[in-house]
Amino acid sequence: MRIRLDIQCIMLSVGAVSKAYQNRRVLNEVSFAMNSGERVALMGPSGSGKSTLLNCLSGLDTADEGTIIFDGEELTRLSPDERTFIRRGRLGSIFQFFHLLPTLNAVENVALSLQLNNYSASEQAQLAMDMLEEVDVAHRAKAFPREMSGGEMQRVAIARALVMKPKLLLADEPTGSLDTKNGERVLNLIEALSETNQVGLILVTHQEETTRICHRTLHIHDGMLSEEEALESRA
Amino acid sequence: MERPASPQALLEVWLKTSLRYWLRHKLQSAILIAIVALGVASFLSIRMANRAAVKGFSGFTETVTGQVDFTLEAQGGRFPVSWLSGIRKSLQQNPVELAPVLEVLALVETSVSKQERSSDLLQVPGESLRILGVDIIGIQNFNNQNISASLLFSEEGEEEPDIFSIARDPKALFISPRLAENLWLSVGDEVEVIVDDQRFILTVRGILPTSRSGVEVPENLAIMDLPAAMALAGKPDVVSRVEVIVEAEERSEAFLETIRSSLSEHAAGRWRVLQTEQQEEKGAAMTSAFRLNLTILSLISLLVGLYLICQSIDAAVIQRRKEIGILRALGLIPKEIKKLWLLDLTALGFLGGFFGIFIGWASSQIVIVAIARTVSALYTETTAESAQLNSIDCLIGMGLGVFGSLLAGTMPLSVATRTSPAKIIASGRQELNGVRYRYQWLGGLLLLLGCLSSFAKPVIFSNGQAFPVFGYITALCWLLGGALTVAGLISPLGKVLHRGVSKHLAAGLGIGKLRLPGNRHRLAVSGLFVAIGMAASMSILIGSFETTITHWLKTRFQADIYVASRAFSGASSQHFIRSTTIAQLAEEPGIDAVSTQRYLPIQFQEKQVYLVGIRTELIEDYEKFLWIDPLLSLSDMPDGAESWAIINETYCYRFGYRTGDVVTLESSKGSHPIWIRGMKADYGNDQGAILVDQKYLESWYEVYDFSNATLYLSAGVDVDLIVEDLKERFPELAIREQGALLKNALQVFKETFVVTYALKVLGLFVAVLGLALALLNILREDVSSLHTLRTLGVTRAERAGITAFEGTGMTLIATLGGILLSFALGWLLVFVINRQSFGWTLQYAVPWAEILSLGILLVALGALVSWLVGWLAGNEKPVQEE
């Protein structure tokens with residue numbers, strides 16, 4: 001399945017982004033763009049710069065050169081706090097190791113994003129529970145991470161990432177720590193929620209079969225997007 | 001087949017991993033070594049200072065004649081010279097030498113160097129000198145190889161001066177090389193000294209050898225010829241003791257026993273025959289309880305050090321957990337990983353111990369001043385000014401460093417090696433939070449055991465001093481039990497606190513973490529709990545002391561003017577006021593009455609107590625006491641009692657005698673039954689005191705001088721004018737008006753607690769540092785949570801706030817628990833430990849303002865430190881980032 005980029009609908013535009021650590025170039029003039037609601041897979045071997053690119057996109061890290069325009073704002077020109085505020089409401093993240101806060105139970109983990117955005121306590125409770133129901137772990141709302149299985153933890157992490165209805169979801173190997181069955185369930189869930197809520201997705205993965213839920217795939221090697229994909233993106 | 005790695009292989013791995021790690025992280029290595037060094041230093045400094053303070057009075061006797069077999073001491077410390085001929089006769093022709101020694105304490109006022117004579121006098125305030133009056137010519141003629149013929153002159157080949165001419169010089173003084181160096185003195189220079197209330201100018205006629213019989217000559221030791229020393233002390237016919245030396249060839253056990261029996265038989269109660277060891281042990285035994293207290297304090301400081309080492313090593317293990325995981329993945333078994341770390345810990349302990357020895361030695365030079373002052377005030381005059389380092393200290397320092405590091409590293413290391421390597425490599429962290437806590441029952445049991453132990457009686461030493469061993473066991477049980485209990489309360493209290501703050505982002509997240517505390521939370525809260533519990537209980541003890549003593553001092557010090565020798569330092573002081581001076585004071589216009597006190601250390605039931613001579617006719621009208629038992633009517637005095645006395649509380653506690661009982665004192669004049677007519681509170685000494693009229697000291701012990709005097713002025717006389725006048729007329733006396741003395745007494749009281757204050761500050765500092773380290777470790781351990789928070793859009797300031805609330809919650813729980821504990825510990829210190837150690841009744845007083853401010857300060861400090869940790873560590877990146 002392929003979709004064409006519509007200049008009116010571009011949600012994320014990455015232009016010639018470069019990044020180096022200790023004289024080693026991790027990203028080398030990476031450029032691509034994606035539409036609202038588009039799902040893009042990012043594949044590449046270890047050390048190719050996937051996570052660095054993801055960190056730059058989420059504003060956790062800054063690019064040395066190039067521009068990243070997300071939802072009409074140029075991230076590269078924003079202060080760390082301004083980038084943080086963007087992450088609060090418009091970006092969601094899912095990780096391979098779930099990264100639920102161990103001292104918060106499931107519903108509290110989900111409600112955290114709402115709390116950061118100053119929702120009232122009753123709204124937090126209601127929306128967090130609704131979201132847990134959507135990902136089918138409402139029955140584990142009071143459980144702490146150490147009491148949950150990997151699949152449950154990842155579903156709670158998805159709920160947390162989507163509870164604010166972000167425009168873009170960044171998923172770093174979301175099925176990497178799960179068995180095949182749970183991995184499949186999580187992927188289907190991400191696809192369904194992305195479709196329903198019109199949330200864009202950048203899915204970092206090693207597994208070819210995981211890319212099935214994405215509209216297109218970008219390959220990254222030694223910090224460079226492969227020429228074929230890069231050309232397509234520019235088009 | 002697999003087999004364990006060889007020691008060489010492990011050593012190579014260690015050199016390539018651990019050693020390189022420490023060399024690359026120089027600052028971290030230096031901090032860790034410094035922490036171990038501080039732990040070792042705090043223990044060693046108190047140990048060295050303690051030993052030096054005691055040696056100040058017990059060690060110098062060894063240097064008088066080199067080797068002494070027996071020492072003869074009379075009751076009351078006055079040995080008449082007239083007894084010597086009788087002793088000589090009783091010993092017949094046995095090869096035994098007698099060396100009478102008179103100890104004179106002097107205060108160096110000024111020294112006048114030959115070169116400086118034309119210029120101003122060199123001011124040397126406060127140098128005290130122990131002058132030993134010995135028969136110089138007699139000793140030089142001793143037919144005994146054990147006594148160095150060169151008692152006074154050490155330099156080989158040095159021309160021996162004319163001993164006879166020196167002996168005839170009543171001003172001739174021989175001083176130690178160190179004193180000569182410190183005061184820039186050489187032979188021929190003059191020194192101005194104060195003895196009792198008289199001023200003298202002496203001439204340095206020689207410098208003593210640097211050491212005798214392998215013992216360094218103390219700086220404050222000086223020697224004079226016996227008649228000159230007698231003139232100086234105003235005691236023409238008494239000495240302090242007689243040293244008995246048996247010739248080397250005859251020194252068999254049987255012969256020594258014959259001599260000892262002969263001396264004892266001839267004594268007929270007039271003197272005691274002490275063997276050398278007894279003489280040396282006398283001073284040490286007198287202060288055994290005090291020194292044991294100090295040892296306990298130094299052990300507490302060591303525990304504090306161990307706590308810090310444990311936290312620091314935990315931090316190091318966390319930082320290198322990934323390396324541990326990789327080594328395990330490469331095939332090293334947990335036992336081998338432990339061996340690698342044991343090498344680390346040993347090296348760390350060795351280096352920390354090495355530096356700790358030097359830091360300990362340096363800080364002991366400061367601590368000794370405070371300890372020596374306490375020993376002088378409470379026990380016996382000591383002039384120790386510096387602490388010496390010996391090989392045993394070095395061994396202990398090294399041992400403590402290594403043992404402490406190994407002990408402290410056990411917990412974090414065992415946790416690290418137990419975790420699966422895959423988990424460590426994958427996430428770099430362990431699931432430590434929410435581990436079920438199982439020790440509340442042990443905490444409760446220890447608290448209960450402590451309660452039972454508090455009822456037990458103290459252990460009594462051979463010298464009669466009581467040591468409240470069960471009191472200390474109670475304290476330990478309560479500290480440990482309380483720490484275990486409070487650790488178990490973090491979770492429920494965290495839940496309660498969380499309910500109140502859950503709506504606030506930082507507070508909710510920070511306090512929320514306490515609902516599922518890990519072992520690091522528990523260790524840090526326990527450390528803080530113990531520190532604040534001990535600090536606040538010390539405040540209660542000191543507050544109780546202060547309240548009681550201020551009341552006592554205000555009752556006791558109601559005279560207008562107080563007079564003592566300028567060198568007077570307490571009941572044990574050997575600086576007196578002569579009777580002629582008292583007579584002169586009584587003649588002064590405007591003085592209504594003169595009351596005097598004379599402290600005389602005597603042996604009572606083989607233990608030292610103070611017999612205090614007072615003017616009994618002045619009691620009630622002039623002399624005020626704080627009575628425990630008011631005076632009984634004289635008509636109740638039983639027949640057969642020679643006189644009546646007042647005892648202090650400590651005496652009652654040590655010997656079990658109460659008001660109305662009759663006790664018998666021994667002197668060279670015979671037995672003296674005395675009736676106890678009343679009991680007073682007395683916080684001036686912990687040996688016990690019996691107060692009798694001064695006339696009995698004169699008739700029983702031939703003591704005619706005074707320790708101090710109090711002057712009561714006639715109505716309408718200007719105190720300041722009289723004080724100024726007396727100061728001018730009696731420059732050798734310390735003359736203070738009531739207010740100044742009260743201030744001075746309270747100052748001395750506060751200085752007595754200087755070591756306690758220092759330990760209190762050290763304990764709190766370490767506890768807060770422990771909190772910071774624990775939080776840092778918690779953050780580093782769970783760095784992925786930090787990363788998650790960043791990803792979710794939590795700012796750096798908010799992340800620091802979360803850590804601040806976490807730390808504040810921990811400090812709050814520890815502080816509330818610690819203050820509760822301090823009330824119990826304060827009760828224990830006041831009513832059990834103090835009572836059993838000193839026999840003093842204190843009023844339990846809680847210094848609320850101090851404790852409240854201490855609590856607020858600690859919570860504020862905890863919040864600040866936690867915020868700083870959160871701010872600094874809040875930007876750490878997760879380990880799995882590419």
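Start in chain B by selecting strand E20 (residues 643-648) and strand E22 (residues 670-680): six bridges join the two, and they run parallel. The model on screen is a predicted one.

**Stop 1: the strands around E22 of chain B**

With E20(B) and E22(B) still selected, pick out Ile646(B); the residue bridged to Ile646(B) in E22(B) is Gly678(B).

Next add strand E21, residues 662-667 of chain B. E21(B) is antiparallel to E22(B), and six bridges hold this pair together. Within the pair, select Leu665(B) and look across to its bridge partner in E22(B), His672(B). Then follow the backbone out of E21(B): a hairpin of two residues leads into E22(B).

Now add strand E19, residues 627-629 of chain B, which is joined to E22(B) by two bridges and runs antiparallel to it. Here Asp629(B) is the residue to click; opposite it in E22(B) stands Met679(B).

While looking along these strands, keep one general point in mind: side chains in a regular strand alternate between the two faces of the sheet.

**Stop 2: chain B as a whole**

Zoom out and colour chain B by secondary structure. The chain has 27 helices and 25 strands. Its length is 882 residues, of which 48% are buried. Of the contacts in chain B between residues at least 6 apart in sequence, 85% join residues at least 24 apart.

**Stop 3: where chain B touches chain A**

Show both chains and select the residues in contact between them: 23 in chain B and 25 in chain A. On the chain B side, two elements give two or more residues each, helix H17 (505-512) and helix H25 (783-792). Which of the elements gives the most to this side? H25(B) does, with seven residues. Colour the chain B side by residue class and the selection divides into 11 polar, eight charged and four nonpolar residues.

**Stop 4: chain A as a whole**

Hide chain B for now. Chain A has seven helices and 10 strands. It is 235 residues long, and 49% of them are buried. In this chain, residues 24 or more positions apart account for 71% of the contacts with a separation of 6 or more.

**Stop 5: the six-stranded sheet of chain A**

Select the strands of chain A in the order E6-E7-E8-E3-E9-E10; these six form an open sheet with mixed pairing. At the edges are strand E6 (91-94) and strand E10 (224-225), each of which pairs on one side only.

Inside the sheet, select strand E7 (residues 168-172) and strand E8 (residues 200-205) of chain A. These two run parallel and are joined by five bridges. Click Leu170(A), then Ile202(A), its bridge partner in E8(A).

Now add helix H5 of chain A, which lies across E6 and E7 and runs at about 170° to E6(A).

**Stop 6: two loop residues of chain A**

Select Asn118(A), in the loop between helix H3 (106-116) and helix H4 (121-134) of chain A. Its phi is near 60°, a positive value in a residue that is not glycine. Is Asn118(A) buried or exposed? Asn118(A) is exposed, because 10 other C-beta atoms lie within 10 Å and the limit for exposed is 12 or fewer.

Move on to Asp136(A), found in the loop between H4 and helix H5 (150-162) of chain A. This residue too has a positive phi, about 70°, although it is not a glycine. Asp136(A) counts as partly exposed, with 13 C-beta neighbours inside 10 Å.

**Stop 7: the nonpolar cores**

Bring chain B back. The largest nonpolar core has 188 residues, and the members that touch the most others are Val110(A), Ile202(A), Val525(B) and Leu771(B). Helix H26 (residues 796-838) of chain B gives the most to this core, with 18 residues.

A second, separate core holds 57 residues, among them Val108(B), Ile166(B), Ile223(B) and Leu263(B).

End the tour at Val110(A). Leaving aside residues up to four places away in sequence, Val110(A) touches Ala128(A), Met131(A), Leu132(A), Val156(A), Ala159(A), Arg160(A) and Val163(A).

Terms used
Residues numbered from 1 in each chain as written. Chains lettered and ligands numbered in written order. Predicted model: local features only at pLDDT ≥ 70, side-chain atom pairs only at ≥ 80, totals over all residues. Core = buried A, V, L, I, M, F, W, Y, C linked by C-beta atoms within 7 Å. Buried ≥ 20, exposed ≤ 12 C-beta atoms within 10 Å, placed from the backbone. Helix = DSSP H or I, 4+ residues; strand = E, 2+ residues; numbered from the N terminus. Contact = placed C-beta atoms within 7 Å. Nonpolar A, V, L, I, M, F, W, Y, C, P; charged D, E, K, R; others polar. Pairing = 2+ DSSP bridges. Axes fitted to C-alpha atoms, helices over the stretch in contact; angles between N-to-C directions.
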